[in-house]
Amino acid sequence: MSKTPQQTTTKAPAAQQPSTPDAVTLHSTTQDPDDFAVQISDQIESFVVAVTEIAKGDEPDSAVPFLLLEVSQLLLAGGRLGAHEDILPDERYEPDLGAEPDMDDLRERLAAMLDPVDVYSEVFDPYEPRKAPVAARISDDLADVVSDLRHGMAHYRAGRITEALWWWQFSYFSNWGSTASATLRALQSLVAHVRLNQPLEDLDGLDTDEDLSAAEGTLEEEAGQVMAEEIAGPLGLRPVK
């Protein structure tokens, strides 16, 4: 790819973009619904709209399963971008979109609605050996993902289709893909605990400021005990001592 992160630090929500005769209108009847760019933009716009609506808190009891569905569908678009050949922008430098979007309201609404299950633990890179888990927040992650997606949507609505696709693909690899994947794992775990009638343990001690490395040994020991109970016995293996 021909750009660096330093050249993509200014962002603005699509709503701030002025309308021009050349601007692309979403869902226009002149657009081919089978076109790759149209399909990706539709999936991304659907996610942004859905998360914004969920954050209003009108249906708090359904928020987690709804978010699970939306993040799952978004990652399908991300997978398609990831599998696509490298997309190169038409211009060497990204056009300035102005100030970055303010995500504080969305983040705070999600945090209030998801409390006390907002904080979860995640391994940042599964390919780094013996990497300790870190604490993260679903609300922060979703706001971060929406910010990345809106940045690309601003280009798309201004008619810079290749630039939008480049940004969505680049930021999928560099940020929102891994962020959304971690969030999906947390949401899936929450839904699984409810559906399988497995209450979560007390979460009061988990916070994003907490160093989870001290608990690594305990987690490994507990995992070994679970494997001994659930796997060794049914397979006729000797108990692990």
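N197 counts as exposed, because its relative accessibility is 65% and the cut-off for exposed is over 50%. The model is predicted. N197 sits in the loop between α5 and α6 (216-232). Its phi is positive, about 55 degrees, although N197 is not a glycine.

A second loop also has a backbone feature to check. D115 and P116 are joined by a cis peptide bond, with omega about 10 degrees. P116 lies in the loop between α3 and β1 (119-122).

**Confidence**

Mean pLDDT for the protein chain is 76. Of its residues, 66% reach 70 or more. Two stretches stay under 50: residues 1-29 and residues 210-224. For residues 1-29 the model has 77 contacts beyond four places in sequence. For residues 210-224 it has 11 such contacts. Where pLDDT is low, predicted coordinates should not be read in detail.

**Helices α1 and α2**

| Helix | Number of residues | End-to-end C-alpha distance | Expected span |
|---|---|---|---|
| α1 (36-54) | 19 residues | 27 Å | 27 Å |
| α2 (63-83) | 21 residues | 30 Å | 30 Å |

The span of α1 agrees with expectation, because 19 residues at 1.5 Å a residue should cover 27 Å and the end C-alpha atoms are 27 Å apart. For α2, the reach of 30 Å is close to the 30 Å expected.

At the N-terminal end of α1, D35 acts as a cap. One of its side-chain oxygens lies 3.1 Å from the backbone nitrogen of A37.

Buried residues of α1 include F36, A37, V38, I40, S41, I44 and E45. Further along α1, F47, V48, A50, V51 and I54 are buried as well. Residues three or four places apart in an α-helix point the same way, because there are 3.6 residues a turn. The cover over the buried residues of α1 includes α2, α3 (104-114), α4 (138-157) and α5 (161-195).

In α2, the buried set includes A63, V64, L67, L68, E70 and V71. L74, L75, A77, G78 and L81 are buried too. Their cover includes α1, α3, α4 and α5.

**F47 as an example**

F47 belongs to helix α1. F47 counts as buried because its relative accessibility is 1%, and buried means under 20%. Beyond its neighbours within four places in sequence, F47 is in contact with E70, V71 and L74, and also with L142, V145, V146 and L149. F47 and L74 are 27 residues apart along the chain, yet their C-alpha atoms are separated by 6.4 Å.

Methods:
Residues are numbered from 1 along each chain as its sequence is written. This is a predicted model: local features need pLDDT of at least 70, side-chain atom pairs count only at pLDDT 80 or more; totals for chains, interfaces and linings use all residues. Side-chain values use heavy atoms; hydrogens and water are left out. Helices (H or I, at least four residues) and strands (E, at least two) are DSSP runs, numbered from the N terminus. The expected span of a helix is 1.5 Å times one less than its number of residues. Buried means under 20% relative accessible area, exposed over 50%, partly exposed in between (1.4 Å probe, protein chains only). Contact means heavy atoms within 4.5 Å. A polar contact is a pair of N or O atoms within 3.5 Å; within protein, one must be able to donate a hydrogen and the other to accept it, and residues adjacent in sequence count only if both atoms are side-chain atoms. pLDDT is the predictor's confidence in each residue, from 0 to 100.
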